[in-house]
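Let's take a friendly walk through a protein complex. Have the sequence and the 3D view ready.

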Amino acid sequence: MRGEPAVSLKGVSRRFGEIRAVMNLDIDIERGAIHGLLGPNGSGKSTAMKMVLGLLRPDSGKISVYGIDPQTDPLAAKRIIGYVPESPRLYEYLTGLEYLDFIADVYGVDLAVKEERIYEFLEAFGLEGRENKMINGYSHGMKQKVALIGAMLHRPRLLILDEPLGGLDPKSARIVKDLLQRLSGEGVTTLFSTHIMEIADALCDRISVLYLGEKIGEGSPAELRERAGRPGSTLEEVFLMLTGANDVSDIVDALME
Amino acid sequence: MNLRNALRLAGVFCLSAARERRARGGRPTGLARRPVANIYYSLALFALASGFVYFSLGKSLEGAVLNLLASQLAVFLPAFTMFMSMIYSLMTEFSQSGEAVSTDIVNWLPIKAGDFVLGSALTTIYFVSPMASILLGAVLGLSLLNGSLDSWALSSTLSVYGCLLGALALEIVRATMSRASGAFQGMRGQRAVILRMVLSVAVIVVVSMMFNFSVMMRVVGWFSSSVVAIRFVAVLWPSMVVLEHISGNLAGELVYSALSAALLAAVYYASVGIRERYWVPAPVSLRLQPVRISRSRGILGSLGFDSGEAALIRKDLKSLVRRREMATILAIPVMIVLMGVLSTPPEMLFDPSTPIEAKGPFLAQCAMGILMLIYQVALGALGQEGEAFVNLVAAPMEAGQLLRAKAAGVVIISLPALVLYFALFSYLTSADATTVGVVAAVGLTLAVAISAVELAVGTKYATFTSGRRTRFVAYQGYLMGVFLWIVTVGLAVAPLALHYIGGLMGLPVSLALTEAVSLAIVVVSFRAARRQLEKLYEREY
């Protein structure tokens, strides 16, 4: 452990009517760690991340982000968090540059460093030369990049990324992966969800596997393999086994009939 | 055209609107979520309106007055419903029904332009049916009293025709706007952005004016006498059918019926033709000149706004000239002012010897246009964030900061129009400094009060759906906004009315009362808006 956890969820539950989105979730994330949330659609990953950010209020349990309760002091929590939702929601009538300028101002980024920082990111993500085009003309991947830059401009201490690599080209995905590792070295904590097992395997220090709102497994990728009794198998096989979806041949057969 | 396809499309568009997501993530439940609810609602309003007129209002009228009123309303109802269906749809449902849905689905469905145009036009009629029902019910009440049911039946049929014609004209506006907007695809520069907005506003204004009978009467009247002019105003032909029927002129009735049918066919083919030429538009993307990253807090910073608030204000100002949906918000006030200009002879307006009372209606119409601009901009201030509202919720911004920025944005947008109005008022009336001062004080006060009220309503009824929208608030919010707009103006100017009309109090006292009432409205509205916004922060995202 590198000291007190950066993010801590204790007995966190959240329902949407009859649906149990998250049940009694306990997760501790070390400072500077990259923590992955894995799970099939509807397993509660996005709900858990929104609760950490303070966008959703848990029905029960306690959440702490660097010692701050996002429910009682949401502004303090939001100041140190950078968030990218599953689908980037940007102002389509602004240019990429105007959007980033707007986000930087909203987060109170120092005027002296703002421009340099924005252009550094634009260059790194290959958006230089396109920054003056309106966002409605951007591809999904370009929008994702703008959203990612927007989340990192204010140098957050915690990054919450919901499927951050979806729609990115291989080069940009690599940049994000390297960037997250570099940021981890600087003490920035990352909580992210993904469906891509290779990425989770390569990037995450620890992984929590969620299924129907409950945590059914947690550990480093190697630990998860070991606990599943399949040290030599891929993380995908471990994931499918844990979520009880390892044999899909019947489904495929039925579809082909 | 495939009628089955058109009806299916209309059904989907109506269903989509009926299930529109409301504020705080809730959805209509029970009957309210079914499109048929609007029909029941229309029938109830029809029964209420006819009952009210028949049992109370109509019985208080004398025979001659009753006959005159019943026949005049029956004659003008078709022309009025035509314009009403167009304007009402422009203000409330433009791009809400067909266009927003169509952008995503019809591109790859085997649908012809005719199917789409008819489906969308039927959706517009569905939307305007409650309004039309009130009018038809009221005229029925009068017709029952004077025994002219045949005229009512004819007028009602032609009113439905009028609604359809107005809806088809709206399709022309929609398709033309798409064409006009699409012409700017890939163009560069801020000038292209502004030109695109000016063109979009011009398309809405010009087509709408063409379907406004009073404006067309005025325009045709420039070239002939009004008696002759009425025959050449196409949008009045359905009304002429009723007039000729009441006069017992069968030949005239048949001629105008034929002309009306030809007009409907012409407008239908024009709308289908334009839609075919420019099918559903892809989002138009412009490349702007390189902008400089803001390095200082700027003027807004020196006015006391923090960096987040100033950024939000700048973003909203850009939104006003860049988003296609904003064209309607700008076009409606322009139309109101233009109608005032067209209905006032310029020689009378600019003649210094004309008394101020004679120029009053024109000045009132201009003021109405500006207050309508404030109403629309403030009402949609929060909802215009759309799904990107989540960015503001996730950002370290308090509800109060957000509201301050939104309110300031509305005031900044309306300020140039207000200053222009005060200058025009001063020039046209040659009024003394006291009168101009009173007008300026009351105008500014009203602007702030209406901004606050509509911001509160817009926050309560904000919709954050994706896609192009016009009004950015739920339908109930739009109606509530209109109601509170009238109440606010009424309350704020009541003390002045007591001075100018009743002479019941002195000017300083009435002015002070106006300011006090407006201030109270602002305080109450801001508190309500803040409460609503805090609730929005707690909804599910």
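Below we look at confidence, then at one helix, then at a patch on the surface.

## How sure is the predictor?

Keep in mind that this is a predicted model. For the complex, the predictor gives an ipTM of 0.83 and a pTM of 0.80. Chain B averages a pLDDT of 83, and 88% of its residues score at least 70.

Where in chain B is confidence lowest, and where is it highest? The low end is helix H4 (residues 98-105) of chain B, with a mean of 48, while helix H18 (residues 399-429) of chain B tops the chain at 92. Residues 95-103 of chain B have a pLDDT below 50, yet in the model this stretch has 32 contacts beyond near neighbours in sequence. Residues 21-26 of chain B also fall below 50, and that stretch has 16 such contacts.

## A helix with a buried side

Now switch to chain A and find helix H9 (residues 235-242). Here A:Leu235, A:Val238 and A:Phe239 are buried. Their directions span an arc of only 100 degrees around the axis, so they sit on the same side of H9(A). Here's the general idea: an α-helix has 3.6 residues a turn, so residues three or four places apart point the same way.

What covers these buried residues? The cover includes strand S3 (34-38), helix H7 (197-203), strand S8 (206-211) and helix H8 (221-227) of chain A.

## A nonpolar patch on chain B

Back on chain B, B:Met480, B:Phe483, B:Val487 and B:Leu491 make a nonpolar surface patch of about 340 Å². One of them, B:Leu491, lies in helix H20 (residues 475-502) of chain B. B:Leu491 is partly exposed, with a relative accessible area of 45%.

Key: Residues are numbered from 1 along each chain as its sequence is written. Chains are lettered from A and ligands numbered from 1 in the order in which they are written. This is a predicted model: local features need pLDDT of at least 70, side-chain atom pairs count only at pLDDT 80 or more; totals for chains, interfaces and linings use all residues. Side-chain values use heavy atoms; hydrogens and water are left out. pLDDT is the predictor's confidence in each residue, from 0 to 100. Helices (H or I, at least four residues) and strands (E, at least two) are DSSP runs, numbered from the N terminus. Contact means heavy atoms within 4.5 Å. Buried means under 20% relative accessible area, exposed over 50%, partly exposed in between (1.4 Å probe, protein chains only). The arc is that of the directions from the helix axis to the C-beta atoms. Patches are made of residues with over 30% relative accessible area and no salt bridge: like charges are joined within 9 Å, nonpolar side chains (Val, Leu, Ile, Met, Phe, Trp, Tyr) within 5 Å. Accessible areas come from the Shrake-Rupley method with a 1.4 Å probe; for residues, only the protein chains shown count as cover. A salt bridge is a side-chain nitrogen of Lys or Arg within 4 Å of a carboxyl oxygen of Asp or Glu.
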